[in-house]
Amino acid sequence: MNNIPILRGIRFETEKLDCVEAGVDFREGTRLYESAIVGRIHLYLNGDELREERRIPDDFDVSDTVKAMFEMSSEFERIGSASANPFCCVCGDRGCAYLDWRLETVDSETRLIMEDLVGNPIGAHQYRVQPKTLYKAVAELAETVVVTMEDADVRQTTAGTIQEFVDWHEQLIQWEENES
């Protein structure tokens with residue numbers, strides 16, 4: 001009996017999205033930030049919000065998060081496994097969000113494994129998932145970044161140009177359709 005939960009739905013929800021220009025201290029602290037789309041990200045797994053104290057939901061560089069998740073998806077498509085710190089802190093450091101994701105193929109199933117950076121489980125720790133479920137969620141997040149950039153008349157962030165986000169969105173949709 002396999003008691004690893006199946007992820008039938010992954011959804012990212014964003015709020016308080018803002019375009020930050022390079023060098024702007026938008027938090028009025030001591031750090032100068034790169035150019036980014038920043039905002040709060042909520043993660044829903046099978047309709048339930050995943051809440052991990054001081055980790056998620058939280059404020060992230062949403063544009064770099066999309067890039068990191070696209071890179072992870074791309075690596076999985078190429079070699080059948082991938083590992084990343086896909087939630088990117090607003091400071092520009094992917095590791096300081098302390099969220100590690102791995103995609104692995106185990107017994108012909110894809111597993112999403114979520115841990116903090118010292119190996120402690122997050123959520124149910126392991127989930128069985130069809131890659132298309134993740135690709136669809138990341139594509140939707142990429143679309144959110146594109147719309148936010150267009151609305152703010154921003155052509156580029158440190159993570160990429162608006163065209164790169166459009167291309168990543170289209171590639172994710174293509175992978176999703178190929179999985180169907």
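The following exercises, each with a worked solution, concern the predicted model shown above.

Residues are numbered from 1 along each chain as its sequence is written. In this predicted model, local features need pLDDT of at least 70 and side-chain atom pairs count only at pLDDT 80 or more, while totals for chains, interfaces and linings use all residues, and side-chain values use heavy atoms, with hydrogens and water left out.

**Exercise 1. Determine which residues have the most contacts inside the largest nonpolar core.**

Solution. Begin with the terms. A nonpolar core is a set of buried Ala, Val, Leu, Ile, Met, Phe, Trp, Tyr and Cys residues joined through side-chain atoms within 4.5 Å. Buried means under 20% relative accessible area, exposed over 50%, and partly exposed in between, with a 1.4 Å probe and protein chains only.

Next, take the core itself. It has 45 residues, and those with the most contacts inside it are I10, F12, L43, F87 and W101. Helix α2 (residues 131-151) supplies the largest share of this core, 10 residues; helices (H or I, at least four residues) and strands (E, at least two) are DSSP runs, numbered from the N terminus.

Finally, separate off the second core, which has six residues, among them A36, V38, C89 and V90.

**Exercise 2. State the order of the strands in the open sheet and identify its edges.**

Solution. Two strands pair if DSSP finds at least two bridges between them. Five strands then give the order β1-β9-β8-β7-β6, with mixed pairing. The edge strands, β1 (6-7) and β6 (82-84), each pair on one side only.

Within the sheet, β7 (residues 100-106) and β8 (residues 109-115) run antiparallel and are joined by seven bridges. One residue pair can be named: T105 has T110 in β8 as its bridge partner.

**Exercise 3. Compare the span of each helix with its expected value.**

Solution. The expected span is 1.5 Å times one less than the number of residues. For the 21 residues of α2 this gives 30 Å, and the end C-alpha atoms are 30 Å apart, which agrees. For α1, with 18 residues, the first and last C-alpha atoms are 26 Å apart, close to the expected 26 Å.

Then inspect what follows each helix. Just after α2, D153 takes a positive phi of about 55°; just after α1, G80 takes a positive phi of about 85°.

**Exercise 4. Explain why C19 forms no disulfide.**

Solution. The criterion is a pair of cysteine sulfur atoms within 2.5 Å. The cysteine sulfur closest to that of C19 belongs to C88 and lies 17 Å away, so the separation is too far for a bond. By this rule the count comes to zero disulfides.

As to accessibility, C19 is partly exposed because its relative accessible area is 25%, whereas C89 is buried at 16%.

**Exercise 5. Establish whether R8 and T133 are buried or exposed, and what they touch.**

Solution. First, locate them: R8 is in the loop between β1 and β2 (10-20), and T133 is in helix α2.

Second, classify them. R8 has a relative accessible area of 67% and is therefore exposed; T133, at 13%, counts as buried.

Third, list contacts, meaning heavy atoms within 4.5 Å. Not counting residues up to four places away in sequence, R8 touches N46 and T133. With the corresponding exclusion, T133 is in contact with L7, R8, G9 and I10.
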